[in-house]
Amino acid sequence: MHQFLEPTFGPDELEILDVVLEGWRAQRELTKDNPHFELAAAVMLNLFREGDRKTEQSKG
């Protein structure tokens, strides 16, 4: 539980999150200030924090 509450993301983890999130945003043609993009970013961070590191599954 402690790991979930205080995650530390290194450059590799941040790169994975960025690639997945940017791909998702581009597919939907959203701007970075769109509320749907912000919500998706929060959801993806939570999934990643919980251990979902599969970029192919995260893209869907």
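Start your selection at E29, which sits in the loop between α2 and α3. Its phi is near 55 degrees, a positive value in a residue other than glycine. Is E29 buried or exposed? With a relative accessible area of 73%, E29 is exposed, because the cut-off for that label is over 50%.

Before moving on, keep in mind that you're looking at a predicted model.

**Zoom out to the whole chain**

Show everything as a cartoon. You'll find four helices and zero strands, so to speak a plain α-α-α-α pattern when read along the sequence. The chain has 60 residues, and 22% of them count as buried. If you draw contacts between residues at least 6 apart in sequence, 49% of them join residues at least 24 apart.

**Color by confidence**

Now color by pLDDT. The chain averages 79, and 73% of the residues score at least 70. Which helix has the highest confidence, and which the lowest? The top spot goes to α2 with a mean of 90, while helix α4 (residues 55–59) is lowest with a mean of 48. Select residues 56–60 next: the pLDDT there is below 50, and this stretch has eight contacts in the model beyond near neighbours in sequence. Where pLDDT is low, the predicted coordinates should not be read in detail.

**Select α2 and α3**

Go back to the middle of the chain and pick helix α2 (residues 11–28) together with helix α3 (residues 35–49). At what angle do α2 and α3 pack? The angle is about 145 degrees, and the axes are 10 Å apart. Follow α2 as it passes α3 and you'll see a right-handed crossing.

Turn on side chains for the contact. From α2, show E13, I16, L17, V20, L21, E22, W24 and R25. From α3, show H36, F37, A40, A41, M44, L45 and F48. Sorted by class, this contact of α2 with α3 has 11 nonpolar residues, one polar and three charged.

**Peel down to the core**

Which residues make up the largest nonpolar core? Select V20, L21, W24, L30, F37, A40, A41 and M44, eight residues in all. Both α2 and α3 supply at least two residues of this core, and the largest share, four residues, comes from α3.

Center on A40 for a moment. Leaving out residues up to four places away in sequence, A40 touches L21 and W24.

**Stop at H36**

Next, click on H36 in helix α3. How accessible is H36? H36 counts as exposed, at 55% relative accessibility. Even so, H36 has partners to look at: it touches W24 and L30, not counting residues up to four places away in sequence. Draw a C-alpha to C-alpha distance from H36 to R25 and you should get 9.1 Å, for two residues 11 apart in sequence.

**Finish at D18**

Last stop: D18, placed in helix α2. D18 counts as partly exposed, because its relative accessibility of 42% falls between the 20% and 50% cut-offs. How far apart are the C-alpha atoms of D18 and A41? They are separated by 9.3 Å, with the two residues 23 apart along the chain.

Definitions and conventions:
Residues numbered from 1 in each chain as written. Predicted model: local features only at pLDDT ≥ 70, side-chain atom pairs only at ≥ 80, totals over all residues. Heavy atoms only, no water. Axes fitted to C-alpha atoms, helices over the stretch in contact; angles between N-to-C directions. Left-handed = near helix turned anticlockwise from the far one by under 90°. Contact = heavy atoms within 4.5 Å. Nonpolar A, V, L, I, M, F, W, Y, C, P; charged D, E, K, R; others polar. pLDDT = per-residue confidence, 0-100. Core = buried A, V, L, I, M, F, W, Y, C linked by side-chain atoms within 4.5 Å. Buried < 20%, exposed > 50% of the residue type's maximum accessible area, 1.4 Å probe, protein only.
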